[in-house]
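Trainee: Could you take me through one part of this protein in some detail? I would like a close look at a single loop and then at what lies around it.

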Amino acid sequence: MKLGTGTETANVMNWLMANPEYHKPAIGEDVTECMWTDRHAWRVTAVTPDDKGATLSRYAPKYVGKAYGDESYEYEDAYGNPLLDEKQTVQIRFRYKAWRTDNGKGRKIELAWGLREEYRDPSF
């Protein structure tokens with residue numbers, strides 16, 4: 001791994017958040033796709049019987065920031081329902097020691113399945 005050049009790690013914070021290990025997905029669980037500089041929020045909407053595959057639906061959050069640079073969004077409506085874009089879905093599968101798109105035949109996808117214990121703030 002080349003931390004100095006960033007060719008393998010991209011943005012270090014996104015790299016630290018992503019967990020390449022297997023995680024058993026659950027319907028209704030939120031997951032973050034970590035890319036070079038951006039992140040996308042997804043929700044698990046279906047899981048395969050063997051727990052090695054899932055369907056993710058992308059959130060369509062509502063911007064509630066006050067001005068440029070205020071990156072504040074709402075991910076639920078007034079009734080607590082998730083703001084999902086049902087047209088934007090992806091089939092993922094854990095294959096070759098990584099999560100991959102297109103049911104395991106596509107590109108590797110870096111996912112952060114919630115906060116790992118070492119990143120939790122103990123003051124909460």
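Mentor: Happy to. Let's begin with Tyr 96, which sits in the loop between E6 and E7. Keep in mind as we go that this is a predicted model. Lys 97 belongs to the loop between E6 and E7 too.

What do the backbone angles look like here? Tyr 96 has a phi near 55°, a positive value in a residue other than glycine. Lys 97 also has a positive phi, of about 65°, although it is not a glycine. Such values are worth a pause because most residues other than glycine have a negative phi.

Now look at the side of the loop that meets solvent. Is Tyr 96 buried or exposed? Its relative accessibility is 61%, so Tyr 96 counts as exposed. Lys 97 reaches 73% relative accessibility, and so it is counted as exposed as well.

From the loop we can step into strand E7, which covers residues 98–101 and contains Arg 100. This arginine is a nice one to zoom in on. Arg 100 is buried yet has no salt bridge. Which side chain of opposite charge is nearest to Arg 100? That is Glu 110, and it is 8.7 Å away. For a salt bridge, the nitrogen and the carboxyl oxygen would have to be within 4 Å, so Glu 110 does not qualify as a partner for Arg 100.

What does the side chain of Arg 100 have close by instead? One of its polar atoms lies 3.1 Å from the backbone oxygen of Arg 95. If we set aside neighbours within four places in sequence, Arg 100 is in contact with Gln 91, Ile 92, Arg 93, Arg 95, Gly 106, Arg 107, Lys 108 and Ile 109. Two names in that list, Arg 93 and Lys 108, are good places to go next.

Start with Lys 108. The side chain of Lys 108 meets that of Glu 110 in a salt bridge, with 3.6 Å from N to O. Glu 110, then, is the residue we just met as the nearest opposite charge to Arg 100, and here it is paired with Lys 108. Lys 108 has 43% relative accessibility and so counts as partly exposed. Glu 110 is also partly exposed, because its relative accessible area is 29%.

Next comes Arg 93, the other contact of Arg 100. Arg 93 forms a salt bridge with Asp 50, and the closest N and O atoms are 2.5 Å apart. Arg 93 lies in strand E6 (residues 84–95) while Asp 50 is in the loop between E2 and strand E3 (53–59), so this pair ties together parts that are 43 residues apart in sequence. With a relative accessible area of 23%, Arg 93 is partly exposed. Asp 50, at 40% relative accessibility, counts as partly exposed too.

While we are in strand E6, have a look at Lys 87, which is found there. Lys 87 is exposed, with a relative accessible area of 79%. Lys 87 and Arg 58 are 29 residues apart in sequence, but their C-alpha atoms are 8.4 Å apart in space.

Another pair gives you something to set beside the one at Arg 93. Asp 30 forms a salt bridge with Arg 43, the closest N and O atoms being 2.9 Å apart. Asp 30 is in strand E1 (residues 30–34) and Arg 43 in strand E2 (residues 39–47), so the pair ties together parts 13 residues apart in sequence. Asp 30 counts as partly exposed at 38% relative accessibility, whereas Arg 43, at 18%, counts as buried. Altogether, the count comes to five salt bridges.

Finally, let's step back to the whole chain. Its secondary structure comes to one helix and eight strands, running α-β-β-β-β-β-β-β-β from the N terminus on. Of the 124 residues, 26% count as buried, and Arg 100 is one of the buried residues. Among contacts between residues at least 6 apart in sequence, 43% join residues at least 24 apart. The accessible surface of the chain comes to about 8,600 Å², and 52% of that belongs to carbon and sulfur atoms.

Methods
Residues numbered from 1 in each chain as written. Predicted model: local features only at pLDDT ≥ 70, side-chain atom pairs only at ≥ 80, totals over all residues. Heavy atoms only, no water. Helix = DSSP H or I, 4+ residues; strand = E, 2+ residues; numbered from the N terminus. Buried < 20%, exposed > 50% of the residue type's maximum accessible area, 1.4 Å probe, protein only. Lys, Arg positive; Asp, Glu negative; His and termini not counted. Polar contact = N/O pair within 3.5 Å; in protein donor to acceptor, adjacent residues only side chain to side chain. Contact = heavy atoms within 4.5 Å. Areas by Shrake-Rupley, 256 points an atom, 1.4 Å probe, with all protein chains shown as cover.
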